[in-house]
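Q: Please take a close look at one strand in this protein and the surroundings it sits in. I want the part first, then how it joins the rest.

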Amino acid sequence: MDTNSSATTTIVQAKAVLMVPLLRAMVWACLAMLIMTLAEKLYLGAVVAYLKLFRRRPEKRYKWEAMKKDNDLELGDSAYPMVLVQLPMCNEKKVYQLSIGAACTLAWPADRIIVQVLDDSSDPTIKELVQEECRRWVGKGVNIKCESRENRKGFKAGALKEGMTHNYVKLCEYVVIFDADFQPDPDFLYRTIPYLVHNPNLALVQASWKFVNSDECMLTRMQEMSMDYHFSVEQEVGSAVHAFFGFNGTAGVWRIAALNDAGGWKERTTVEDMDLGCRAGIKGWKFVFLGDVKVKNELPSSFKAYRYQQHRWSCGPANLFKKMVIEIMTNKKVSIWKKVYLIYAFFFVNKIVAHIVTFTYYCLVLPATVLIPQVQVPIWGAVYVPLAVAVLSVLPTPRSFHLVVLWLLFENVMSLHRTIATFIGLLEVGRIHEWVITEKLGNALKAKTGSKALKKLPRFRIGERLHLLEIIVGFYFLFCGWYNFCFGENYYFVYLFLQGLSFLVIGFGYVGAFVTTS
């Protein structure tokens, strides 16, 4: 009995001396980061409200005049700038026709546009199909080039970089980029190019995205809510206040002189688009975002594809921040205010803190306070601030506002992978250069014709279905919830059980669409 009593006393003392102070410090560190996140959300929301209230549209901030449309586009017009349309793709069997067809039907004088298909396909059958599609459009009088590489060095950045080296590119003033699943409306160039023509200090015109498969499953609905906030708030405010935002890598028009001035495409990170945009921004070039110009595209409908995408989108920015922070600080071409915005708001809060605090606070620290009741979380930190952050994040998607709780639970699950990816980018270890192509299923065309979007099939291979990390965290939540229900003095168990079930649902593979790959 004395031995057991001594052991118990030792554990209690260790808990009081080590675990309680450590957890208390983590709580307050997380609350500080949470307040930073809320302050950023409130600021962005206030700016968006101002822009809408006073109708501060891009055409009021920049000169814009409609370009005269010739009755016969085949005759062309030397007054029109020469435009290059780049379509990077790799093994895009299900969508290559959509993107090539959309690019080839863009309204612009026929002799003032070049469509360049950059096909990195490793499958010879798909490569031949792409070349045949290009030949078909050549037969219709379209100036289209199909360029292939023997390897995928540099991935998308490498393909775009090599695409700019061809002699015919020297004739072009502007370059438009569309990923393989993007389908611009025919008037896209007439709505974007005039900004660059009439404003020589503008480097980039970025359009918004419209998701054709957002109602396919709950996974795509959750993504739509996050992406709507990104475009309607983050991109809009960056454009209006700082004339800078992260280039989305597609549905954008670049001034080729600005692209070259920034150093062209670089392969040093997996976010080559953001890299180029940051380098152009600190060179003094301005960007404009057009929220009313929307380009149709597809959201990842399988959890596997979405998880790979989120790894790249979280790892890449963290790694880019590490590589560019000194360069931004020592830059002499931009103001102190813009430097603060780039380092603190654009990178640190939105690309680092937002991921880390979500997982650390909601998934580790908050459940741990149930097991160590000596550490208390104030009600504003446990309920009010997280709820305010969630509400502000889903406001741009009013049709899904009733899903705010599900969205919050889903984002907490995804924060597990985003946090891991963020540390991989900062520490430059492991999967830092991993680039897995996001699978596209061509649902745009299928949805348009009213046919069944895709075949949802059950998966039976355990290795594909189970996600071990999610399952472990899920059971951790359930244990904390049970402990709080039995011994706690608050109602945290409601959140803990819901979040634990969310991790387990995703961990056992019951999220997204299960599709055939044929």
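The close look below is about strand β1 and what lies around it.

A: This is a predicted model. Start with the strand itself. Strand β1 covers residues 83-89, and seven of its seven residues are buried, so the strand is largely enclosed by the rest of the structure. Buried here means under 20% relative accessible area.

Now take the two faces. In a regular strand the side chains alternate between the two faces of the sheet. In β1, one side carries V83, V85, L87 and M89. The other carries L84, Q86 and P88. Both faces are covered, and the residues on each are all buried.

Next, the partners. Strands of a sheet pair through backbone hydrogen bonds, either parallel or antiparallel. β1 pairs with strand β2 (residues 113-119) in the parallel sense, over seven bridges. Within that pairing, L87 has V117 of β2 as its bridge partner. β1 also pairs with strand β4 (residues 174-177), again in the parallel sense, over four bridges. There, L84 is matched with V175 of β4.

The link to β2 involves a helix. β1, helix α3 (residues 96-104) and β2 make a right-handed β-α-β unit.

Step back to the sheet. It is open and has seven strands, in the order β3-β2-β1-β4-β6-β5-β7. The pairing in it is mixed. Its edge strands are β3 (144-148) and β7 (286-297), each of which pairs on one side only. On average, neighbouring strands are turned by 20° against each other, direction ignored.

Towards the β7 edge, strand β5 (residues 202-211) pairs with β7 in the parallel sense over nine bridges. K210 has K296 of β7 as its bridge partner. Helix α7 (residues 218-242) lies across β5 and β7 and runs at about 155° to β5.

Return to β1 and look at V85. Leaving out residues up to four places away in sequence, V85 touches A103, L106, I113, I114, V115, Q116, V176 and F178. V85 also belongs to the largest nonpolar core, which has 96 residues. Together with I100, F178, F188 and W254, V85 touches the most other members of that core. Helix α11 (residues 336-371) gives the most to this core, with eight residues. There is also a second, separate core of 47 residues, which includes C30, L31, V353 and V365.

P88, on the other face of β1, leads to a charged side chain. P88 is one of the residues in contact with K156. The others, leaving aside neighbours within four places in sequence, are D179, G249, E272 and W435. K156 lies in helix α5 (residues 155-163). Is K156 buried or exposed? Its relative accessibility is 12%, so K156 counts as buried. The side chain of K156 also has a polar atom 2.8 Å from the backbone oxygen of G249.

Finally, the whole chain. There are 17 helices and seven strands. Of the 518 residues in the chain, 55% are buried. Among contacts between residues at least 6 apart in sequence, 81% join residues at least 24 apart.

To put the part back in place: β1 sits between β2 and β4 in the strand order, and both of its faces are covered.

Technical notes
Residues numbered from 1 in each chain as written. Predicted model: local features only at pLDDT ≥ 70, side-chain atom pairs only at ≥ 80, totals over all residues. Heavy atoms only, no water. Helix = DSSP H or I, 4+ residues; strand = E, 2+ residues; numbered from the N terminus. Buried < 20%, exposed > 50% of the residue type's maximum accessible area, 1.4 Å probe, protein only. Polar contact = N/O pair within 3.5 Å; in protein donor to acceptor, adjacent residues only side chain to side chain. Contact = heavy atoms within 4.5 Å. Core = buried A, V, L, I, M, F, W, Y, C linked by side-chain atoms within 4.5 Å. Pairing = 2+ DSSP bridges. Right-handed = clockwise from strand over helix to strand, strands pointing away. Axes fitted to C-alpha atoms, helices over the stretch in contact; angles between N-to-C directions.
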